[in-house]
Amino acid sequence: MANFTKKAIKETFLALLRERPLSEITVKDLVAACGINRNSFYYHYQDLPTLIEEIVKEQAEIIIQQYPSVSTIVECFDALTEFATHRKKEIMHIFRSINREVFEIHLMAVSGYFVQNYVNTVLADNEIKESDRQTIITYYKCVCFGLILDWLNNGMTDEYAHEIRQIFLLKKDWAKDFADLLQGQV
């Protein structure tokens, strides 16, 4: 029964989040829409930020599970934008709220996961020092994270997503080039 209640709370919260900004959602609204009492909510969650953190973390884990491997940086970006586009209202409401930090922490983790898979795939046959591999991963992770944040700051428009995708297409071989540079082969 507890898992059913937690699931109902999350689904109801996300439904409310699709309708209105986070700043306009209260525990009172949530429990009324969910058909439970406040004690049931507080049995499972300390407050709304705790609920948000659990949802964001779960969603990050879902996207990671859906893409066990990626072979291009474009594939990384496509996976992130596809996931976000289907949840645009909810993501934008959380992104524009005081809970943005929680969202950004998990976005960075997902970006890191995808980039690490990409770099490990592209450089699988390269003998490269682990510290150099980590440098490449950190660089790409920050680029990916920064571009996704910029896309979010620009309202998640299709046009801007296309521009970012073009950047990744133009620089699709960066990881290999970067590895060659670090190995002194360029």
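What share of the contacts in the chain between residues at least 6 apart in sequence join residues at least 24 apart? It's 69%, where a contact means heavy atoms within 4.5 Å.

Before I go on, a word on the ground rules. This is a predicted model, so local features need pLDDT of at least 70 and side-chain atom pairs count only at pLDDT 80 or more, while totals for chains, interfaces and linings use all residues. Residues are numbered from 1 along each chain as its sequence is written, and side-chain values use heavy atoms, with hydrogens and water left out.

Okay, the overall picture. The chain has 10 helices and zero strands. Helices here are DSSP runs of H or I with at least four residues, strands are E runs of at least two, and the numbering starts from the N terminus. Put the C-alpha atoms in a box along the principal axes and you get roughly 65 × 35 × 25 Å. To get a feel for that, take Ser 131 and Phe 41: they are 90 residues apart along the chain, and their C-alpha atoms are separated by 46 Å. Ser 131 is in helix H8, and at 45% relative accessibility it's partly exposed.

I'll use those exposure words a lot. Buried is under 20% relative accessible area, exposed is over 50%, and partly exposed is in between, with a 1.4 Å probe and protein chains only. Of the 186 residues in the chain, 43% count as buried.

Now let's zoom in on Cys 76. You'll find it in helix H5, residues 73-85, and it's buried, at 0% relative accessibility. What does Cys 76 contact, leaving aside neighbours within four places in sequence? The list is Val 70, Phe 114, Val 115 and Tyr 118. Ser 111 is worth a look too: it sits 35 residues from Cys 76 along the chain, yet their C-alpha atoms are separated by 7.9 Å.

Two of those contacts, Phe 114 and Tyr 118, bring us to the rings. A search of the whole structure turns up eight aromatic pairs. For a pair, rings of Phe, Tyr and Trp (its six-membered ring) need centres within 6.5 Å; planes under 30 degrees apart are stacked, over 60 edge-to-face, and the rest tilted. Tyr 113 and Phe 114 make an edge-to-face pair, 5.5 Å centre to centre with 70° between the planes. Of these two, Tyr 113 is partly exposed at 22%, whereas Phe 114 is buried at 0%.

Then there's Tyr 118 with Tyr 140, also edge-to-face, at 5.4 Å centre to centre and 90° between the planes. Why does that pair tie together parts 22 residues apart in sequence? Because Tyr 118 lies in helix H7 (residues 100-122) and Tyr 140 in helix H8 (residues 130-153). Tyr 118 and Tyr 140 are both buried.

Elsewhere, Phe 41, Tyr 42 and Tyr 45 form one aromatic cluster. And Arg 87 lies over the face of Phe 83, 3.8 Å from the ring centre. The rule for a charge over a ring is NZ of Lys or CZ of Arg within 6 Å of the ring centre and within 35 degrees of the ring normal.

Next up, helix H6, residues 88-95. How many of its eight residues are buried? Six, so H6 is mostly covered. The buried ones are Glu 90, Ile 91, Met 92, His 93, Ile 94 and Phe 95. The axes of H6 and H8 come within 11 Å and cross at roughly 95°, which makes H6 roughly perpendicular to H8. Those axes are lines fitted to C-alpha atoms, for helices over the stretch in contact, and the angles run from 0 to 180 degrees between N-to-C directions. On that scale, under 35 degrees is roughly parallel, over 145 roughly antiparallel, 65 to 115 roughly perpendicular, and the rest oblique. Where they meet, H6 brings Ile 91, Met 92 and Phe 95, and H8 brings Leu 149, Leu 152 and Asn 153.

Just past there is Met 156, in the loop between H8 and helix H9 (158-170). Met 156 has a positive phi of about 55° although it's not a glycine, and it's buried, with a relative accessible area of 2%.

Last thing, the cysteines. A disulfide needs a pair of cysteine sulfur atoms within 2.5 Å, and the count is zero. Cys 142, for one, has its nearest cysteine sulfur, that of Cys 144, 10 Å away. Cys 142 is partly exposed at 40%, whereas Cys 144 is buried at 1%.
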